[in-house]
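Here is a short tour for you to follow with the structure open beside the text. Take a moment to look it over before reading on.

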Amino acid sequence: MPKYVYDFTEGNKDLKDLLGGKGANLAEMTNLGLPVPPGFTITSEACRRFLEEEALPEGLEEEIAEHLDALESRMGRRLGQADDPLLVSVRSGAKFSMPGMMDTVLNIGLNDESVHGLAKQSGGNERFAWDSYRRLIQMFGKTVQGIDGELFDGALEKLKGGRDDLELDAADFQRLVTTYKGIVRDQTGEDFPADPYRQMSMATKAVFESWNAPRAVIYRRQERIPTDLGTAVNICSMVFGNWGMDSGTGVAFTRDPGTGHQGVYGDYLQNAQGEDVVAGIRNTISLQDLEGIDKPVYDELMKIMDKLENHYRDLCDIEFTVERGKLWMLQTRVGKRTPGAAFRIAVQLVDQGMIDIDEAMTRVTGAQLAQLMFPRFAKDAESKVITKGMNASPGAAVGKAVFSTERAVELAARGESVILVSRETTPDDLAGMIAAQGVLTSRGGKTSHAAVVARGMGKTCVCGAEELEVSVTERRFTAPGGIVVSEGDVISIDGTNGAVYLGEVPVVASPVMEYFEGSGELGDEDELVQAVHRIMAHADASRRLEVRANADNAEDSARARRFGAQGVGLCRTEHMFLGDRRRLVEDLVLAASSEERERALAALKPLQESDFTEIFQEMEGLPVTIRLIDPPLHEFLPDYTELSVKVALAGDQAGEKDRKLLAAVKRLHEQNPMLGLRGVRLGLVIPGLFAMQVRAIAEAAKAVPGAQAEVMIPLVGAVQELEHVRDEAQKILAEVGVEALIGTMIEVPRAALTAGQIAEAAQFFSFGTNDLTQMTWGFSRDDVEAAFFSKYLELGVFGVSPFETLDRDGVGRLVLLAVEEGRRTRPDLKLGICGEHGGDPDSIHFCHQAGLDYVSCSPFRIPVARLEAGRAALIGAGSDTR
């Protein structure tokens, strides 16, 4: 039978999986000789068994009784003893900190008899005793019995009648106890449980159950904490900060969690219990003020804080209580901090000799770096939030609301800042998105077109602001409360928290982004930028994975180079034909003869060659992987329904081109264009298309000294498809006199399953995990997110969207299989990834473990990828990457 209960003297800080963070750290402080109230921890394994079996696991009650008996013997009094009661707290404590998400009950053991014993124990302090009793009933009723907390709060406020809680006397609290007990009876049909052992048992079960409370579930989903960990329960003998003005409770940080600067940071509240600090019942005083109130306690606390920081070698978050001049430590943990503080503290600890630079790099994350790169709104600025959406792409953007791509481009060309507002965006909105400072949509989520493209461009984006009624035709939207924003009105959007503001909110530039935009060169930058520079330099020296960019033009290539890209891992040639060039693709589709087709291809070739030449020049000898055209044709042709209506309404007046275009659209119309005539299929069906592109690549490469071209054939599912295109490409390359690698994108499950065959014809694989995820799961990210993703996340089918973080169990297995079989056929096979996952921290760690050579991501995510690739090399397989 497993051991379910550990005394604080039996554990240590390395047992977080078993004892939870709180229990493990209480044990560690106990073993360090710090003043910790005695107690014991019920393991998270017991919680998991309880949640599975809906009952306490066999033997647990006996273990609890045994440890409680030992605690009572040590303290010299028994739980709830009438004349001299032992009281305990019952507190949650999961492996990962989830502050305020789960339940706590204080003062277990009080009843109508022991409350008098507590008063006697406190030297006749009746107020303290009855205050403690009403707190128990209030917390127990809300937490354990599920009673609406507003009922208790309302009764307290009515009793106070505008007074401060310190003005209430013993008689007031005694009356409040009677009122609270009445609330319990009315709401549950039973009296408040007087048996102390029943109180503790019920509270323990309630803490277990709070693991699946809605707020805990939401928090875990946000923080990507596994759902199956469970929480430990800590039973700790009570110490009292509400004993009088010589008592109190507080929280402290060994460094400022907001900035990382060293100093004395924290809050203290006299004559209060721990929950009062976070509940805000009274204004706290600063930790420095404690020195004037009780200098011996303050001095002892400072020594303990120093000892804990040196022991944990990190910023520590501490909870403490002062009971009649005696200091007690109730909790410590490695404290949460802002991204800026994380980088500063990591480097400070290196300079102070507490950790080495390797460990410093594992203590910061790519997600934190990303937050530091985006602009942000100035603090304390006056602003009016009119709605909130989904924080799709971080940053702060201010501009005039516009409702069309054309208007966005027009105003941006005049030097005006705009926010592109739409119900949802499409590929045709790309120019508008580029021109805009930010994007706001009323539909879609974090993997919608607007979100994906905005993140790739580093644009601020708020998606899915469902409360907005957007009218593109009337060029306005209506927000809750009847607020109407018309085109030209200024709005501000915050891609970090999803807020939409009316009017202009001042924006502060990010010094970290300025550092990266300056090619990572240091001038007189502040301490934060210096810290980022040192961490990034070590990440680059440590990582095995190369980091390339997804870049489709010279501008993106230049930015990617400044951000540290080691080449282009994906140049999407179809993006070169949006906007004004789109008509050239229409001409190719409409070609009725080989002569017309050749003319269309001849018109396209110089444009392609010019684009490729500029990219090769910006990359200065670094590899550039160019994917041959892969357009779902519906993105390049007019909408079938709209064009049909246009021709029908025009009747005999319809132009010849419109009629021919309608016939072509009708002939090529597909029920599911994403699985239709695209990729390698298009190259095999339209003669000369891929040949034109390969020749343009070859001639551009020949014109740029040192150019390294890599030709990627998309959507291959069978080696025979690849062989046809490869043979033609090799002939053209030989004619031009250029060498280039020829490979394929692995984005069809069959390609992964037959990778050994495909590697016979491919010199490299690049995993296109956007399409590979769609085809493996069998859904389209353009459609399903709004339809059922939120429900799947709620039900726990997804811990996170598979389009945000690579699905290791499904898509990941296909990748691993393709890597193994591809390299078995061709040991020197170059392997990379170029889907959205190439910039996702957790996915980058998977790529490192899978043995890939590089990841490729949007230019703005390159610093994140560089950092995470370095962290992956140090953290190792299977480690937590948060």
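How many bridges join strand 12 to strand 22, and do these strands run parallel or antiparallel? Four bridges link the two, and the strands run antiparallel. Within this pairing, Thr387 has Val500 of strand 22 as its bridge partner. Please keep in mind that this is a predicted model.

**The sheet**

Both strands belong to an open sheet of eight strands with mixed pairing, in the order 12-22-21-14-15-16-17-13. Strand 12 and strand 13 stand at the edges with a single partner strand each, so one side of each has no neighbour in the sheet. From one strand to the next, the twist averages 30 degrees. Helix 16 lies across strand 14 and strand 15, and runs at about 180 degrees to strand 15.

Some residue ranges to help you find your way:

| Element | Residues |
|---|---|
| Strand 12 | 384-388 |
| Strand 13 | 390-393 |
| Strand 14 | 396-402 |
| Strand 15 | 418-422 |
| Strand 22 | 499-502 |

**The nonpolar cores**

The largest nonpolar core has 126 residues, and Phe343, Val532, Phe616 and Leu852 have the most contacts inside it. Helix 27 (residues 689-703) gives this core its largest share, 10 residues. Beyond its sequence neighbours within four places, Val532 is in contact with residues including Phe343, Leu369 and Phe516. Another core, of 55 residues, lies apart from the largest one, and Tyr133 and Met238 are among its members.

**A buried charge**

Finally, have a look at Glu28 in helix 1 (residues 16-31). Glu28 is buried yet has no salt bridge, and the nearest side chain of opposite charge, Lys13, is 5.0 Å away. Not counting residues up to four places away in sequence, Glu28 touches Asn12, Lys13, His311 and Tyr312.

Technical notes:
Residues numbered from 1 in each chain as written. Predicted model: local features only at pLDDT ≥ 70, side-chain atom pairs only at ≥ 80, totals over all residues. Heavy atoms only, no water. Buried < 20%, exposed > 50% of the residue type's maximum accessible area, 1.4 Å probe, protein only. Lys, Arg positive; Asp, Glu negative; His and termini not counted. Salt bridge = Lys/Arg side-chain N within 4 Å of Asp/Glu carboxyl O. Contact = heavy atoms within 4.5 Å. Core = buried A, V, L, I, M, F, W, Y, C linked by side-chain atoms within 4.5 Å. Pairing = 2+ DSSP bridges. Axes fitted to C-alpha atoms, helices over the stretch in contact; angles between N-to-C directions.
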